Amino acid sequence: MPDPEPDSPASPRHDRSEHAVAGDGDDPSPAPDGARLVLATHNVGKLSELRDMVAAAAPELDAQAAVVDAGSLGLVEAVEDGTTFEANALIKARAAAAASGLPAVADDSGLAVDVLGGAPGIFSARWSGTHGADRANLKLLLAQLGDIAPEHRGAQFVCAAALVTPDGYEHVEHGILRGTLRTEPAGQGGFGYDPVLQPDGLDLTCAELTAEQKNAISHRGRAVRALMPHVLHVLRAGKPAEGSAPAGPENQPW
Ligand SMILES: O=c1nc[nH]c2c1ncn2[C@H]1C[C@H](O)[C@@H](COP(=O)(O)OP(=O)(O)OP(=O)(O)O)O1
Ligand SMILES: [Mg+2]
């Protein structure tokens with residue numbers, strides 16, 4: 001059956017051709033030798049950012065071998081039926097940890113527009129009716145805001161980043177990036193709504209920033225940087241300290 005999504009050929013999110021997706025979710029590929037952490041996303045834009053963030057936070061970790069993603073393990077996409085970013089991030093991380101046997105990091109994120117009362121919010125990925133149709137989502141949003149003046153176009157990207165281990169440790173961190181919505185898309189970088197969000201204090205949209213510039217200020221960058229000490233603790237010690245922030249750098253082998 002052809003892919004029904006109207007903008008799928010140009011949308012990196014939909015480039016799943018390299019990854020076989022398991023049909024029933026019961027039969028994921030075994031994690032390869034050396035795998036230590038799974039990034040529980042099927043969105044290639046997010047995945048690239050998450051990989052960079054993990055590599056930056058853990059230079060001693062051989063990210064190439066140790067960090068795998070949900071698509072390459074053949075994990076099916078979890079049903080995101082939570083009503084908050086946090087709930088959906090936990091749903092995705094729990095599913096990936098259970099299916100892979102590895103600690104899993106998931107992100108649930110979206111755009112919250114002030115004048116829309118925080119919408120599209122958790123519905124950002126399917127705002128136009130088709131999950132992950134980035135260009136259609138963005139086009140619909142711009143049409144909805146067509147008559148809204150610049151001073152009322154405030155919005156923010158929101159991210160909940162969750163770490164879940166197979167033995168049940170869970171931790172969530174949050175991040176936001178505030179800005180203003182342009183009336184026309186600008187820039188080729190990033191993904192999703194990046195071409196229309198201009199972060200406060202900048203004259204560029206997120207799609208006009210380098211990946212490094214975006215990660216330094218983004219909702220995802222903030223949430224994942226806050227989560228990384230917990231991730232590192234889990235990877236180093238095998239188990240996190242119950243209810244407490246992990247200690248600083250430890251001299252333990254990977
Ligand atoms: O930095 C960002 N720059 C632009 N747009 C963004 C960003 N971060 C999230 N977004 C938008 C894209 C998508 O419309 C929705 C995420 O939806 P969300 O369910 O979290 O992700 P997804 O379904 O694409 O992949 P997955 O669930 O496999 O991680 O918010
Ligand atoms: Mg999703």
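Long-range contacts dominate here: in the protein chain of this predicted model, residues 24 or more positions apart account for 63% of the contacts with a separation of 6 or more. The chain runs to 254 residues, and 43% of them are buried. Its six helices and six strands come in the order β-α-α-β-α-β-α-β-β-β-α-α along the sequence.

Strand E3 is a good place to start looking. This strand, residues 104–113, is largely enclosed by the rest of the structure, because 10 of its 10 residues are buried. In a regular strand, side chains alternate between the two faces of the sheet. In E3 both faces turn out to be covered: Ala104, Ala106, Asp108, Gly110 and Ala112 sit on one side, while Val105, Asp107, Ser109, Leu111 and Val113 sit on the other, and all are buried.

As for its partners, E3 pairs with strand E1 (residues 37–39) in the parallel sense, over two bridges. There, Val38 stands opposite Ala104 of E3. Strand E4 (residues 154–164) runs antiparallel to E3, and 10 bridges join the two. One of the facing pairs puts Asp108 opposite Ala160 in E4.

Several of these residues turn up again in the nonpolar interior. The largest nonpolar core has 60 residues, and those with the most contacts inside it are Val38, Ala93, Ala96, Ala104, Val105, Ala161 and Ala162. Take Ala162: setting aside residues up to four places away in sequence, Ala162 touches Ala89, Leu90, Ala93, Val105, Ala106, Glu170 and Val172.

Asp108 deserves a closer look, since the UniProt record, an unreviewed entry, carries the annotation "active site" at this position. Asp108 lies in strand E3 and counts as buried because it has 28 C-beta neighbours inside 10 Å, against a threshold of 20 or more. Beyond its neighbours within four places in sequence, Asp108 is in contact with Phe85, Asn88, Ala89, Lys92 and Ala160. Ala160 is thus a contact of Asp108 as well as the residue facing it across the E3 and E4 pairing.

Then there is ligand 1. The shell around it holds 26 residues, with Thr41, Asn43, Ser109, Ala125 and Gly192 the closest. E3 features here too, giving the largest share of that shell with five residues. By type, the shell splits into 11 polar, nine charged and six nonpolar residues. Ser109, one of the closest residues to ligand 1, is also among the buried residues of E3, on the side that includes Asp107 and Leu111.

Notes
Residues are numbered from 1 along each chain as its sequence is written. Chains are lettered from A and ligands numbered from 1 in the order in which they are written. This is a predicted model: local features need pLDDT of at least 70, side-chain atom pairs count only at pLDDT 80 or more; totals for chains, interfaces and linings use all residues. Helices (H or I, at least four residues) and strands (E, at least two) are DSSP runs, numbered from the N terminus. A residue is buried if 20 or more other C-beta atoms lie within 10 Å of its own, exposed if 12 or fewer, and partly exposed in between; C-beta atoms are placed from the backbone. Two residues are in contact if their C-beta atoms, placed from the backbone, lie within 7 Å. A residue is near a molecule or strand if its C-beta atom, placed from the backbone, lies within 6 Å of it. Ala, Val, Leu, Ile, Met, Phe, Trp, Tyr, Cys and Pro count as nonpolar, Asp, Glu, Lys and Arg as charged, and the others, Gly among them, as polar. UniProt positions are given in the numbering used here, feature names are shortened, and annotations may be inferred rather than shown by experiment. A nonpolar core is a set of buried Ala, Val, Leu, Ile, Met, Phe, Trp, Tyr and Cys residues joined through C-beta atoms within 7 Å. Two strands pair if DSSP finds at least two bridges between them.
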